[in-house]
Amino acid sequence: MRENVTWLGKHTGQLFDLPHTLAGRRFKIATIHSPPFVIIEFDHIKMRATYRGYLIELLTEIAKELQFDYDLYKVEDGNWGNMLPNGQWNGLIEDVMTNKADFALGDLTITKVRDEAVRFSKAYFRAGMALAMR
């Protein structure tokens with residue numbers, strides 16, 4: 001029996017529907033250099049980027065399990081994604097919103113304004129950072 005679950009924060013669907021829609025597809029995935037999550041190194045001899053890090057390992061395993069392929073690219077402007085004064089977005093958020101990328105991969109903070117612009121997965125990491133003052 002398939003049970004309803006919430007995918008990507010807001011959308012509900014059958015538990016096994018998402019994997020079937022990903023199998024055999026190829027996705028464009030925007031990312032950003034942010035060690036140790038994503039480390040992007042450019043090989044000037046081979047003229048190509050290599051990607052490694054925690055999120056790259058996770059993506060590789062998810063892609064194997066769900067049987068999809070992907071092409072990674074470094075977001076052009078080097079930004080995670082902020083709303084500009086004119087209401088437009090930049091960075092990873094812009095690439096997802098404009099369909100340049102199917103997904104964004106990075107250590108994005110889920111803010112209210114970002115969450116209203118794009119869909120996020122469930123949070124997978126909590127930094128636990130704090131400020132101490134006297």
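Two strands are taken to pair if DSSP finds at least two bridges between them. In the predicted model, an open sheet of three strands shows parallel pairing and the order β6-β3-β7. Its edge strands, each paired on one side only, are β6 (69-74) and β7 (103-105). On average, and with direction ignored, neighbouring strands of this sheet are turned by 35° against each other.

The pairing of β3 with β7 can be described in detail. Strand β3 comprises residues 26-31 and runs parallel to β7, to which it is joined by three bridges. Within β7, Ala-104 is the bridge partner of Ala-30. Helix α2, formed by residues 54-66, lies across β3, β6 and β7 and runs at about 160° to β6.

Two separate nonpolar cores were identified. The largest contains 13 residues, and those with the most contacts inside it are Ile-29, Leu-59, Phe-68, Leu-72 and Leu-105. Two or more residues of this core are contributed by each of β3 and α2, with α2 supplying the largest share, four residues. The surroundings of Leu-72 were examined with its neighbours within four places in sequence left aside; under this restriction, Leu-72 is in contact with Ile-29, Thr-31, Tyr-51, Ile-56, Leu-59 and Leu-105. Of these contact partners, Ile-29, Leu-59 and Leu-105 are also listed among the residues with the most contacts inside the largest core.

The second core has 11 residues, among them Ala-30, Ile-93, Ala-101 and Leu-108. Ala-30 therefore belongs to a nonpolar core, a set of buried residues joined through side-chain atoms within 4.5 Å, and is also the bridge partner of Ala-104 in β7.

Key. Residues numbered from 1 in each chain as written. Predicted model: local features only at pLDDT ≥ 70, side-chain atom pairs only at ≥ 80, totals over all residues. Heavy atoms only, no water. Axes fitted to C-alpha atoms, helices over the stretch in contact; angles between N-to-C directions. Contact = heavy atoms within 4.5 Å. Buried < 20%, exposed > 50% of the residue type's maximum accessible area, 1.4 Å probe, protein only.
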